[in-house]
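This report describes a predicted model. The headings below cover the disulfide, the strand next to it, and the aromatic residues.

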Amino acid sequence: QVQLVESGGGLVQAGGSLRLSCVASGRTYAMGWFRQAPGKEREFVAAISWRGSSTSHADSVKGRFTISRDNTKNTLFLQMNSLKPEDTAVYYCATRRTTAASSHLYDFDSWGQGTQVTVSS
């Protein structure tokens with residue numbers, strides 16, 4: 001099973017930016033970002049197909065966040081701009097064993113340990 005390690009989280013003021021990275025120990029197929037705020041369920045943020053030709057973003061982040069990948073480095077990215085306090089959460093990357101992107105949490109097989117993003121007002 002592939003291992004995933006996220007990085008790039010931190011504390012930022014509202015309106016600021018962060019770039020999350022997720023490095024995989026081996027080859028991955030479709031991948032995604034999810035987040036979980038305290039007391040809430042884990043929710044979809046963004047997804048990308050194997051080759052990166054297809055992406056999707058949750059309505060709450062559309063226009064502010066962008067998912068991308070570099071398969072030569074087995075790395076997934078999430079560029080987060082115009083951050084809001086409601087974006088505060090632990091962010092997780094995940095991968096599934098098929099090539100098509102998915103927004104469904106239970107379609108994903110492997111998960112990272114998460115990275116904390118805190119946005120202050």
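## Disulfide

The structure holds a single disulfide. Cys-22 and Cys-93 form this bond, with their sulfur atoms 2.0 Å apart. Because Cys-22 lies in strand S3 and Cys-93 in strand S9 (residues 89-95), the pair ties together parts that are 71 residues apart in sequence.

The link of Cys-22 and Cys-93 is right-handed, with 50 degrees about the S-S bond. Both cysteines, Cys-22 and Cys-93, are buried.

## Strands S1 and S3

Strand S3 (residues 18-24) runs antiparallel to S1, and four bridges join the two. Cys-22 of S3 is the bridge partner of Glu-6.

In a regular strand the side chains alternate between the two faces of the sheet. Strand S1 (residues 4-7) shows this alternation. Leu-4 and Glu-6 point to one face and are buried, while Val-5 and Ser-7 point to the other face and are not buried.

## Aromatic residues

A search of the whole structure finds five aromatic pairs. In one of them, the rings of Phe-34 and Phe-44 have centres 5.8 Å apart and planes at 70 degrees, so the pair is edge-to-face. Phe-34 lies in strand S4 (residues 31-36) and Phe-44 in strand S5 (residues 43-48), 10 residues apart. Both Phe-34 and Phe-44 are buried. Ring pairs link these two residues with Phe-108 and Trp-111 into a cluster.

## Arg-42

The charged end of Arg-42 sits over the ring of Tyr-92, 3.7 Å from the ring centre. Arg-42 also lies over the face of Trp-111, at 4.9 Å from that ring centre. Trp-111 is one of the residues in the aromatic cluster.

Notes. Residues numbered from 1 in each chain as written. Predicted model: local features only at pLDDT ≥ 70, side-chain atom pairs only at ≥ 80, totals over all residues. Heavy atoms only, no water. Buried < 20%, exposed > 50% of the residue type's maximum accessible area, 1.4 Å probe, protein only. Pairing = 2+ DSSP bridges. Disulfide = S-S within 2.5 Å. Phe/Tyr/Trp six-rings, centres within 6.5 Å; stacked < 30°, edge-to-face > 60°. Lys NZ or Arg CZ within 6 Å of the ring centre and 35° of its normal.
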